[in-house]
Amino acid sequence: MKLNYRDRVILLIIIALVILIGGFFGLIKPRYNDIKENKATRDTVQAEWDGLDAKIQQIPTLRENIKSTKADADKISELFYTGKDIADGNLISFMQPYQLDQYMQEIMDKANLKVMSMEAGSIQDSTLDYYYYTPTVPTTAILDLADLNGNYTAEISKKFEESNALSERTPENVLVQQYGVNVKATKDDLWNFMTTISEMNKAIRIDSISILDTNFGTDPETGKLLPDAEKMKDASGKEAGVSQVTMILNLYSVYELDEPVLE
């Protein structure tokens with residue numbers, strides 16, 4: 001069949017369309033799909049990079065926060081005993097019983113206490129509870145009737161804020177060493193020793209104290225020394241009556257926070 005010019009043109013157009021459509025489905029569409037997939041991968045990688053870059057930008061701030069936290073921890077640690085305070089200065093060494101005795105002997109010698117016997121304990125793990133005061137508020141039916149506007153309830157809640165917050169905290173563990181000692185001391189020397197312990201900027205506490213003769217050899221009516229009273233010179237050089245005193249002291253220790261590696 002012989003085609004005229006018009007038919008040949010139409011046929012060429014149809015052939016061109018078939019080639020274009022075939023090329024689209026055979027070449028262009030797969031390539032287009034690859035481009036879409038690559039774009040999605042690029043977006044994912046970009047999101048990961050943005051997240052990493054944000055973290056990188058935070059590094060200086062995090063470093064300063066870590067340093068600040070370490071400094072705060074060091075200040076708290078200064079209140080406790082560590083191996084560097086009394087023992088041989090090693091990283092994890094703490095007081096051995098003989099080192100504890102040497103440390104306490106120096107304090108008692110300065111207070112002019114005459115040591116009769118002592119017992120220095122080994123270090124033990126202990127729980128240190130938070131100290132707080134719980135107010136006493138009579139919450140009765142009368143209060144409910146009077147609290148028309150909730151003012152009393154609000155005031156009571158405010159009073160309990162501190163005790164409630166501290167009671168919910170988990171008690172911390174520390175290391176404790178106990179030092180028991182039996183001494184002879186004048187009243188003034190004993191008071192001075194107790195004052196020294198209370199003023200020390202360290203976690204040391206007199207757990208118990210027992211005074212055999214609370215009059216320290218004096219007549220409670222006249223205030224004068226009894227004839228058979230045991231006497232010794234106190235730290236000021238004045239002769240005074242003495243009493244036997246038994247004390248138990250607790251010394252609390254912690255591990256120092258290790259130096260963080262920031263590089």
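## Phe216, strand E6 and the cores of a predicted model

Phe216 is buried, with a relative accessible area of 3%, and its place is in the loop between strand E4 (204-211) and strand E5 (231-233). Although Phe216 is a residue other than glycine, its phi is positive, near 50°. These values, like the others in this report, are computed from a predicted model.

### The chain as a whole

The protein chain contains 7 helices and 6 strands, and from the N terminus on these elements follow one another in the order α-α-α-β-β-α-α-α-β-α-β-β-β. Of its 263 residues, 24% count as buried, while the exposed surface comes to about 19,100 Å², with carbon and sulfur atoms supplying 55% of that area. Among the contacts with a separation of 6 or more, 78% are made by residues 24 or more positions apart.

### Strand E6 and its partners

Strand E6, which covers residues 239-253, is mostly covered, since 11 of its 15 residues are buried. Three strands, E3, E4 and E5, are described here as antiparallel partners of E6, and the table sets out the number of bridges in each pairing together with one pair of facing residues.

| Strand paired with E6 | Sense | Bridges | One facing pair |
|---|---|---|---|
| E3 (172-186) | antiparallel | 12 bridges | Asn182 and Thr246 |
| E4 (204-211) | antiparallel | 7 bridges | Ile211 and Val245 |
| E5 (231-233) | antiparallel | 3 bridges | Lys231 and Gly241 |

E5 and E6 form a hairpin with 5 residues between the strands, and within this hairpin Gly237 takes a positive phi near 95°. In a regular strand the side chains alternate between the two faces of the sheet.

### Two nonpolar cores

The largest nonpolar core has 22 residues, of which Met104, Tyr179, Phe193, Met247 and Leu249 touch the most other members. Two or more residues of this core come from each of helix H3 (97-110), E3, helix H7 (187-199) and E6. Apart from residues up to four places away in sequence, Met247 touches Leu113, Tyr179, Gly180, Val181, Val183, Leu190, Phe193, Ser208 and Ile209, and two of these residues, Tyr179 and Phe193, are also named among the core members that touch the most others. A second, separate core consists of 6 residues, including Phe80, Val176, Ala203 and Val254.

### Helix H3 and the residue that follows

Helix H3 has 14 residues and reaches 20 Å from its first C-alpha to its last, which is close to the 20 Å expected at 1.5 Å a residue. Its buried residues are Gln99, Leu100, Asp101, Met104, Ile107 and Met108, and Met104 is also one of the residues that touch the most other members of the largest core. An α-helix has 3.6 residues a turn, so residues three or four places apart point the same way.

Just after H3, Asn112 takes a positive phi of about 70°, although Asn112 is not a glycine. This residue is placed in the loop between H3 and strand E1 (114-120). Because its relative accessibility is 24%, Asn112 counts as partly exposed, whereas Phe216, at 3%, is buried.

### Val174 and Ser253

Val174 lies in strand E3 and counts as buried because its relative accessibility is 7%. Leaving aside neighbours within four places in sequence, Val174 is in contact with Phe80, Gln124, Asp125, Ser126, Leu128, Tyr252, Ser253 and Val254, and two of these contacts, Phe80 and Val254, are named as members of the second core. With Ser126 the separation along the chain is 48 residues, yet the C-alpha atoms of Val174 and Ser126 are separated by 5.4 Å.

What places Ser253, another of the contacts of Val174, among the buried residues? At 1% relative accessibility Ser253 falls under the 20% cut-off, and therefore counts as buried. Ser253 is found in strand E6, and a polar atom of the Ser253 side chain lies 3.5 Å from the backbone oxygen of Tyr81.

Technical notes. Residues numbered from 1 in each chain as written. Predicted model: local features only at pLDDT ≥ 70, side-chain atom pairs only at ≥ 80, totals over all residues. Heavy atoms only, no water. Helix = DSSP H or I, 4+ residues; strand = E, 2+ residues; numbered from the N terminus. Buried < 20%, exposed > 50% of the residue type's maximum accessible area, 1.4 Å probe, protein only. Polar contact = N/O pair within 3.5 Å; in protein donor to acceptor, adjacent residues only side chain to side chain. Contact = heavy atoms within 4.5 Å. Areas by Shrake-Rupley, 256 points an atom, 1.4 Å probe, with all protein chains shown as cover. Core = buried A, V, L, I, M, F, W, Y, C linked by side-chain atoms within 4.5 Å. Expected span 1.5 Å × (residues − 1). Pairing = 2+ DSSP bridges.
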